[in-house]
Amino acid sequence: MTAGPASPASPASPASPPSPTAQRFTGDSAGIHRLVLDLRRGEIPAHVSTQALANRTLAGLLDVRSPRLLPSTSDSVFAPEAPPAGPGRPAVPFLPRERLLTPDEQRTAVACFARALASGELTSGPAVARFEHGLGEFLGLPHAVATSSGTDALVIALLAVGVGRGDEVIMPANSFAATENAVFACGALPVLVDVDPERHTLDPTLIEAAVTPRTRAVLPVHLYGRLADAAGVYRVAREHGLPVVEDACQAIGVAGVGRYADATVLSFNPYKNFGLTGKAGAVLTGDSALHARMEGLAYHGFAPGEKNVKAGLWGLNAKIDNSTATVATGLLPGLTLNNYRRAFLAHRYIEALAELGTAGQLHLPAFTDDHAWHLFPVRVPGGEADRDSLRVRLRESGIETDVYYPVLTHQHRTPLHEKLFGDVVLPRTEKLNATVFHLPLHNGLSVTEQDRVIEALHAAVHATTR
Ligand SMILES: Cc1ncc(COP(=O)(O)O)c(C=O)c1O
């Protein structure tokens with residue numbers, strides 16, 4: 001992850017000179033992690049901000065060492081107290097749709113869309129390349145293809161690295177259906193491998209045993225926003241001459257994303273850390289030949305920069321719309337501010353629930369610097385029944401939680417899944433899935449809402465273990 005040369009946003013008051021020990025702040029998860037720890041310790045962060053466009057809003061706040069980065073000020077960057085819940089609605093919803101974008105972001109999105117509408121450049125247009133440049137700058141990768149969804153980006157990446165009919169792709173079983181669907185869409189079959197029990201992500205030590213002469217790619221997923229052991233996966237894949245396509249749809253901004261993969265796939269659907277006003281995604285790479293193949297696959301097989309002149313046999317109609325890219329470019333400066341909000345709230349959860357973790361009543365994630373905190377997973381050591389009854393108690397206290405992907409790839413009950421995966425057993429993935437659930441954590445979660453979740457969780461755990 002790098003930060004580009006973009007000029008800083010105008011500060012509200014003169015910036016203090018950086019201290020000699022100031023760290024360079026690039027907006028990746030490692031920098032955000034340090035920033036959260038500094039602020040939680042009450043230290044004034046001494047970071048020198050360098051900015052990619054994606055980093056501009058947060059970097060501008062750092063330059064003035066803004067108290068707004070803490071929730072205690074009236075002008076905080078954190079969401080204000082949420083409006084009272086309507087009848088029948090939880091006091092703290094898991095992911096309230098009407099708050100996916102902040103009022104500021106909504107205004108920006110409307111203004112950007114109006115501009116695109118007036119220009120008539122709705123499908124193709126200049127914002128696409130601008131947005132792709134902004135993504136590449138942020139991830140430190142030279143080539144990006146912005147697409148109509150993360151799912152399309154996965155299909156394009158897999159096809160471009162050579163996955164086709166009858167091939168096998170090694171991947172985990174605990175992901176959104178898009179991951180396996182992309183493999184099926186190429187005519188290939190998922191080969192499911194168990195996960196690391198802490199990270200919930202593909203265990204590189206188990207990959208080798210799954211390789212066959214038909215294996216064509218490895219597809220790790222940075223689940224919940226935590227980086228898989230990307231270096232380990234890449235090493236094993238390379239030993240077998242296999243390309244890596246990483247599903248980073250939940251992990252934008254994580255340090256290490258883009259470093260150990262041939263192609264890196266992102267999603268910008270409205271529920272993601274960087275969510276837009278509809279479906280969108282992207283695939284990035286450092287390989288110019290792969291990039292050219294992906295551009296063709298994303299748009300009818302056309303040669304780069306040419307319309308109706310083919311360089312490939314065929315391609316999808318899966319480029320991002322210029323109207324969406326205009327909105328994306330308008331919202332991009334707030335990307336790392338939203339990642340900061342999530343990391344700050346994740347740290348707050350971890351501190352406030354630590355006692356339950358120490359007592360062995362709840363298994364909490366560690367506050368690691370390779371995490372985008374797309375979701376906040378907790379595990380109930382007792383098992384599925386205990387997990388479910390804890391969730392019911394929370395629901396009775398007005399707290400909505402979720403089990404994000406309740407059905408693992410090999411446990412779907414379609415005839416084809418039963419035929420393909422009937423004999424598959426993945427003990428760690430299955431145990432994690434039976435005991436995990438997710439607490440509310442989103443860009444618009446207020447600190448007061450979070451306090452309610454914390455209080456209710458303490459009470460519910462004590463009630464179930466009495
Ligand atoms: C892990 C994972 N993979 C793939 C996708 C697909 O992305 P999209 O919804 O943009 O198609 C998502 C998002 O929904 C996801 O979370």
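**Surroundings of the ligand and of Glu105**

Helix 5 (150–160) and helix 6 (177–185) each contribute at least two residues to the shell around the ligand, and helix 5 provides the largest share of that shell, namely three residues. The model is a predicted one. In total, 17 residues surround the ligand, and those that come nearest are Gly150, Thr151, Asp247, Ser267 and Lys272. By residue class, the shell around the ligand comprises seven nonpolar, eight polar and two charged residues.

Oxygen atoms of the ligand are approached by polar atoms from several side chains. For Thr151, a polar side-chain atom is placed 2.5 Å from an oxygen atom of the ligand, while for Ser267 the distance between an N or O atom of the side chain and an oxygen atom of the ligand is 2.7 Å. The side chain of Tyr405 likewise has an N or O atom that lies 3.3 Å from an oxygen atom of the ligand. Of the 390 Å² of accessible area that the ligand has on its own, 93% is covered by the protein.

A further feature of the model concerns Glu105, which is located in helix 3 (residues 103–119). Glu105 is buried but has no salt bridge; the nearest side chain of opposite charge belongs to Arg341 and is 4.8 Å away, whereas a salt bridge requires a side-chain nitrogen of Lys or Arg within 4 Å of a carboxyl oxygen of Asp or Glu. The side chain of Glu105 does, however, make a polar contact with the side chain of Asn338, at 2.9 Å.

Methods. Residues are numbered from 1 along each chain as its sequence is written. This is a predicted model: local features need pLDDT of at least 70, side-chain atom pairs count only at pLDDT 80 or more; totals for chains, interfaces and linings use all residues. Side-chain values use heavy atoms; hydrogens and water are left out. A residue is near a molecule or strand if one of its heavy atoms lies within 4 Å of it. A polar contact is a pair of N or O atoms within 3.5 Å; within protein, one must be able to donate a hydrogen and the other to accept it, and residues adjacent in sequence count only if both atoms are side-chain atoms. Accessible areas come from the Shrake-Rupley method with a 1.4 Å probe; for residues, only the protein chains shown count as cover. Helices (H or I, at least four residues) and strands (E, at least two) are DSSP runs, numbered from the N terminus. Ala, Val, Leu, Ile, Met, Phe, Trp, Tyr, Cys and Pro count as nonpolar, Asp, Glu, Lys and Arg as charged, and the others, Gly among them, as polar. Buried means under 20% relative accessible area, exposed over 50%, partly exposed in between (1.4 Å probe, protein chains only). Lys and Arg count as positive and Asp and Glu as negative; His and the chain ends are not counted.
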